[in-house]
Amino acid sequence: MPTPIDRDQVQQLTAAGAQHVEVLPREDYDEEHLPGAINVPLKELNRETARQLERSRPVVVYCHDYQ
């Protein structure tokens with residue numbers, strides 16, 4: 001279950017070796033993304049694409065919404 005976190009928690013998880021995943025559309029990711037983040041567009045997220053993640057490390061997922 002996703003858990004919203006704040007910037008301090010992101011920094012703590014990053015220091016602990018978290019993986020960063022941006023679920024933005026590929027065009028948005030190509031235009032600008034967080035350093036070190038991988039792109040798995042939300043519409044492409046499935047068991048196969050999730051296999052690139054290390055199950056032993058935390059995952060921070062980023063998306064944006066203009067609303």
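## The second largest pocket

In this predicted model, the second largest pocket has a volume of about 190 Å³. Its lining is made up of Val23, Leu24, Pro25, Pro41, Leu42, Lys43, Val61, Cys63 and His64, and these residues divide into seven nonpolar, one polar and one charged.

One residue of this lining, His64, is found in the segment after β3. His64 counts as partly exposed because its relative accessible area is 33%, a value that falls between the limits of 20% for buried and 50% for exposed. Although His64 and Glu22 are 42 residues apart in sequence, their C-alpha atoms are 9.2 Å apart in space.

## The largest pocket

The largest pocket holds about 390 Å³ of space. It is lined by 15 residues, of which Thr3, Ile5, Val59, Val60 and Val61 are the closest to its centre. The elements that contribute two or more residues to this lining are α1 (7-15), β1 (19-22) and β3 (59-62), and β3 gives the most, with four residues.

In its chemical character, the lining of the largest pocket consists of 13 nonpolar residues and two polar ones, with no charged residue. Val61 belongs to the residues closest to the centre of the largest pocket, and Val61 is also named in the lining of the second largest pocket.

## The sheet

Strands of a sheet pair through backbone hydrogen bonds, and they do so in either a parallel or an antiparallel sense. Here three strands form an open sheet with parallel pairing, and their order is β2-β1-β3. The edge strands are β2 (38-39) and β3, each of which pairs on one side only.

On one side, β1 and β2 pair in the parallel sense over two bridges, and Val21 has Ile38 in β2 as its bridge partner. On the other, four bridges join β1 to β3, and these two strands likewise run parallel, with His20 standing opposite Val60 in β3. The connection from β1 to β2 includes helix α2 (residues 26-31), and together the three elements make a right-handed β-α-β unit.

## Strand β1 and its residues

How are the two faces of β1 placed, buried or exposed? Both faces are covered, since Gln19 and Val21 on one side are buried, as are His20 and Glu22 on the other.

His20, which lies in strand β1, can be followed in more detail. Its relative accessibility is 17%, so His20 counts as buried, the limit for that class being under 20%. The side chain of His20 also makes a polar contact with the side chain of Thr14, at 2.8 Å.

## The ends of helix α1

Helix α1 covers residues 7-15 and is one of the elements that help to line the largest pocket. At the start of α1, a side-chain oxygen of Asp6 reaches to within 3.1 Å of the backbone nitrogen of Asp8. Just after α1, Gly17 takes a positive phi of about 95°.

Key. Residues are numbered from 1 along each chain as its sequence is written. This is a predicted model: local features need pLDDT of at least 70, side-chain atom pairs count only at pLDDT 80 or more; totals for chains, interfaces and linings use all residues. Side-chain values use heavy atoms; hydrogens and water are left out. On a 1 Å grid over the protein atoms alone, a cavity is a set of points where a 1.4 Å probe fits but cannot get out, and a pocket is an open set with protein on both sides within 12 Å along at least five of seven lines; lining residues have an atom within 4 Å of a point. Grid points are joined across faces, edges and corners, and a volume is the space filled by probe spheres set on the points. Ala, Val, Leu, Ile, Met, Phe, Trp, Tyr, Cys and Pro count as nonpolar, Asp, Glu, Lys and Arg as charged, and the others, Gly among them, as polar. Two strands pair if DSSP finds at least two bridges between them. A polar contact is a pair of N or O atoms within 3.5 Å; within protein, one must be able to donate a hydrogen and the other to accept it, and residues adjacent in sequence count only if both atoms are side-chain atoms. Buried means under 20% relative accessible area, exposed over 50%, partly exposed in between (1.4 Å probe, protein chains only). A crossover is right-handed if, with the strands pointing away from the viewer, the path from the first strand over the helix to the second runs clockwise.
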